[in-house]
Amino acid sequence: MYFCTYFFNNLNFSKLSTTRYIFVTGGVTSSLGKGIISASLAKLLQARGFSVTIQKLDPYLNVDPGTLNPYEHGECFVTDDGAETDLDLGHYERFLNVPTSQGNNVTTGRIYKSVIEKERKGDFLGKTVQIIPHITDEIKRRIKLLGTKNKYDFVITEIGGTVGDIESLPYIETVRQLKWELGQSVLVIHLTLVPYLSASGELKTKPTQHSVKSLLEAGVQPDVLVLRTERELTEDIRAKVALFCNVNIKNVIQSIDVSTIYEVPVKMQDEGLDKVVLEKFGLPVGKNPELKAWKNFLNKYKNPEKVVDIALIGKYVELQDAYKSIAESFVHAGAVNNCKVKLHWIHSESINKKNIDETLKEIKGIVVAPGFGHRGMEGKIMAVKYARENNIPFFGICLGMQAAVIEFARNVLNHAKANSSEMDEKTPYPVIDIMEEQKTILEKGGTMRLGAYPCIITKNSKAYEAYGKEHTEERHRHRYEFNNKFTDEFIKAGMVPVGMNPETNLVEIVEIPSHKWFVGVQFHPEYKSTVINPHPLFVSFVKATLEP
Ligand code: GLN
């Protein structure tokens, strides 16, 4: 069994002698699902026994998305090595069940930063530093590094943005150069939209033709076109696109709207996307892999036996992408429990004493989400109180766990002014306090406690029941922590730390043993939930919400 898990997590053996590079570009509009197409293709190649990784190149100037407000860019996904990355990396991990790292997400800011640092060191020996070749060389270096370091069979590189954007030009130019340099080892997939005009009842290919033209202007001929569409494409439409875009008709792939992203790999297999790619590389195709575990999950997900209502209390709920990994973790955990988790997105600022009973009365489980700053904090604390007093399963994640600790201190330990020093620097009861090593840090970018840290779990706890083991590693992204000065007081009153970092003694998990299911975690379990390995805490929480 151990070998099995190890094997799943380390699919790094290669079948091919050289790495093949696949680029995925997008045209016509953004949000067509390049990330899902990339992840689906990766899944299909992985199911054929190849080692695959996916990389995202983001054209913005931030060094990483860590400093971006979630309203700007959705969730910031954290990897084991502590990189703050684009949320597409979450999809890659959930589909492939293989961890990603800093190397899998590169931004223009990061590229320029390293080129400028080299320039300051004098590494360019007096040369004029330019976009071509210096910036494009640095982009190439980072793409190739991912392939050679881990000897992957395939590196799929998704280029953010839409062709024609000023910001993505250096990336498209890099693809042109790599196609020229590596020839047969490079392939370009271009994803576009074929809109349906209801007035004339027609699907339109002109936007696709135009966007392929802009790729051609940049010197890149796509090898495969994936056409996003609401309606089935006819043979005529495919033939037209093939003719206008110099692409074999077999390489025109339909990507029709589906009810769940997890269906896309199956649809792509039906359309033969992986076959077309292998043929184009001159590699043997063989039989279609069965995707048994995947289809089994899909079947359970699409045919739930029951529905359970769970409230997600957060302050960025207007943009559900801000909690992408949490939402997906509930998809995985729901399927394991043969149920559909219906998430009720509740704005923490909208909760008050008057409406809380009404707002949460049909709810079977309460999650308090991660977050930063004091806005909405009191609503979160009220939601914890409601869950604790009404014996409703409660799951607090990062700031959610901190809210649980504050609520307990105020209402059970009777320290009415208890708080986190993040919310109130002068609180007489800083039950959540800034970590010692954070006190002197001034820069905001990449300076939190980030990435995977070990956690030892106490037996006889809900967490131990869920994990079935004493040792785990979970990913972090925070500056504040449970204040150990108050540990004894909490334990005596019934809130117990049951997960600890063995080296630093930081509290990782708290529970109320007398409650039906009340668990707060300082880490982010949602980053590690995948289709094949749903996260045990989410599975256990959902199970508790189903119990009478
Ligand atoms: N703001 C809190 C901290 O920095 C919680 C962070 C989070 O929820 N990710 O500790």
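Reader: In the hairpin of β21 and β22, which residue takes a positive phi?

Author: This is a predicted model, and in it strand β21, residues 496-500, is joined to β22 by four bridges, with the two strands running antiparallel. Six residues lie between these strands in their hairpin, and the residue there with a positive phi, near 65°, is N505.

Reader: Which residue in β22 is the bridge partner of G499?

Author: The strand to look at is β22, which spans residues 507-511 and is mostly covered, five of its five residues being buried. Within β22, the residue that G499 has as its bridge partner is I509.

Reader: Which residue in β23 is the bridge partner of V510?

Author: Strand β23, residues 518-521, runs antiparallel to β22 and is joined to it by three bridges. β22 and β23 also form a hairpin, with six residues between them. In β23, the bridge partner of V510 is G520.

Reader: Which helix gives the largest share of the largest nonpolar core?

Author: The largest nonpolar core has 47 residues, and those touching the most other members are I22, L45, F154, I156, I189 and L273. Seven residues, the largest share of this core, come from one helix, covering residues 34-47, and that helix is α2.

Reader: How many residues are in the other core, which includes M377 and V405?

Author: In the largest core, L273 is among the residues that touch the most other members. Leaving aside neighbours within four places in sequence, L273 has contacts that include I37, L41, I189 and M268. Apart from that core lies another one, with Y386 and A387 also among its members, and its number of residues is 39.

Methods:
Residues numbered from 1 in each chain as written. Predicted model: local features only at pLDDT ≥ 70, side-chain atom pairs only at ≥ 80, totals over all residues. Heavy atoms only, no water. Buried < 20%, exposed > 50% of the residue type's maximum accessible area, 1.4 Å probe, protein only. Pairing = 2+ DSSP bridges. Core = buried A, V, L, I, M, F, W, Y, C linked by side-chain atoms within 4.5 Å. Contact = heavy atoms within 4.5 Å.
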